Amino acid sequence: MLFRSNRLASGSDDNTIRIWDTATGEELSTLWGHEGWVSSVAFSPDGTLLISGSDDTTIRLWETDTSEELNTLKGHEGWVSSVTFSPDDRRLAKTGTETRIRIWDIASGEELCTPHGHGGWRSSVGSSSPATLLVSGSDDTTIRLWDTTTGEELSTLRGHEGWVSSVTFNSDGTRLASGGDDRTIRLWDTATGEELSTLRGHLSGVFSVT
């Protein structure tokens, strides 16, 4: 997830989230509330909100200017490994060791849908324009595209020979990049599901792409 111009957020196994000024290196605030290590953080597109996922099985929504915790989303069945906002700031999604992706309405905290179909735990989620498009990667070696309004699976992309650890869209959602335990990065056409190219060179698994 992109950091917000002069601000950067980080999560740690000390159970905290810290927000930093990238120009000065100053720590602007420390967010407390999680009871386990913080595995994923993401700013909303307009920078006013932050979400965090943790191995305490919760997602927490924060106001970045005041550091106020606005909501805690509970009920997950395991570690939350990845969180993301939709580009329109209206929805958030998470994935982790439970067998479902969960999508919420940010304003109400209502759970909208729970897309499922992967055969293994989900390691990464990413959102894109249009705001209804979501991607997930899994240790079942597949990448799946979803409609966030209905939970419908739109397509399944196959090509990796191991765990898919990270996925990300380009700015307009027409292309997708994925990194995997098979030491490759793969580029995809989201409309057709065609694999456009495979990038090789890493000597071990690829854990993050952006």
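**Loops, salt bridges and a cavity in a predicted model**

Asn15 sits in the loop between strand E1 (7-11) and strand E2 (17-21). The model described here is predicted. Phi of Asn15 is near 75°, a positive value in a residue other than glycine. Asn15 has a relative accessible area of 24%, so the residue counts as partly exposed. A second loop residue, Thr57, also has a positive phi, of about 75°, although Thr57 is not a glycine. Thr57 belongs to the loop between strand E5 (49-54) and strand E6 (59-63). With a relative accessible area of 26%, Thr57 is partly exposed.

Another loop residue is Pro45, found between strand E4 (38-43) and E5. Its relative accessibility is 32%, and Pro45 therefore counts as partly exposed. Pro45 and Thr30 are 15 residues apart along the chain. Their C-alpha atoms are separated by 21 Å.

Charged pairs were examined next. Side chains of opposite charge can pair when their charged atoms come close. The structure holds twelve salt bridges. One of them joins Arg18 to Glu27, with the closest N and O atoms 3.1 Å apart. Arg18 has a relative accessible area of 23% and is therefore partly exposed. Glu27, at 31% relative accessibility, is likewise partly exposed. This pair is part of a network of salt bridges that links Asp14, Arg18 and Glu27.

Another salt bridge is formed by Arg60 and Glu69. Here the closest N and O atoms are 3.2 Å apart. Arg60 counts as buried, because its relative accessibility is 10% and the limit for burial is under 20%. Glu69 is partly exposed, with a relative accessible area of 28%. The pair thus brings together a buried arginine and a partly exposed glutamate.

Arg144 and Asp140 also form a salt bridge. The closest N and O atoms of this pair are 3.7 Å apart. Both Arg144 and Asp140 are buried.

The interior was then searched for enclosed space. A search of the whole structure finds one cavity of 30 Å³ or more. The largest cavity has a volume of about 70 Å³. Its lining is made by Thr84, Phe85, Ser86, Arg91, Leu92, Ala93, Ile103, Ser127, Ala131, Leu133, Leu134 and Thr148. Strand E8 (80-85), strand E9 (91-96) and strand E13 (133-138) are the elements that each give two or more residues to this lining. E9 contributes the most, with three residues. By class, the lining has seven nonpolar, four polar and one charged residues.

Ser86 is one of the lining residues. Ser86 lies in the loop between E8 and E9, two of the strands that give two or more residues to the lining. The relative accessible area of Ser86 is 5%, so this serine is buried. Ile103 is also among the lining residues. Ser86 and Ile103 are 17 residues apart in sequence. In space, their C-alpha atoms are 9.8 Å apart.

A second buried serine is Ser165, with a relative accessible area of 7%. Ser165 is placed in strand E16 (residues 164-169). Between Ser165 and Gly205 there are 8.6 Å in space, C-alpha to C-alpha. In sequence, Ser165 and Gly205 are 40 residues apart.

On the surface, Leu187, Leu196 and Leu199 make a nonpolar patch. The patch covers about 220 Å². Leu196 is located in strand E19 (residues 195-200). At 39% relative accessibility, Leu196 counts as partly exposed. Leu196 can belong to the patch because patch residues need over 30% relative accessible area.

Definitions and conventions
Residues are numbered from 1 along each chain as its sequence is written. This is a predicted model: local features need pLDDT of at least 70, side-chain atom pairs count only at pLDDT 80 or more; totals for chains, interfaces and linings use all residues. Side-chain values use heavy atoms; hydrogens and water are left out. On a 1 Å grid over the protein atoms alone, a cavity is a set of points where a 1.4 Å probe fits but cannot get out, and a pocket is an open set with protein on both sides within 12 Å along at least five of seven lines; lining residues have an atom within 4 Å of a point. Grid points are joined across faces, edges and corners, and a volume is the space filled by probe spheres set on the points. Helices (H or I, at least four residues) and strands (E, at least two) are DSSP runs, numbered from the N terminus. Ala, Val, Leu, Ile, Met, Phe, Trp, Tyr, Cys and Pro count as nonpolar, Asp, Glu, Lys and Arg as charged, and the others, Gly among them, as polar. Patches are made of residues with over 30% relative accessible area and no salt bridge: like charges are joined within 9 Å, nonpolar side chains (Val, Leu, Ile, Met, Phe, Trp, Tyr) within 5 Å. Accessible areas come from the Shrake-Rupley method with a 1.4 Å probe; for residues, only the protein chains shown count as cover. A salt bridge is a side-chain nitrogen of Lys or Arg within 4 Å of a carboxyl oxygen of Asp or Glu. Buried means under 20% relative accessible area, exposed over 50%, partly exposed in between (1.4 Å probe, protein chains only).
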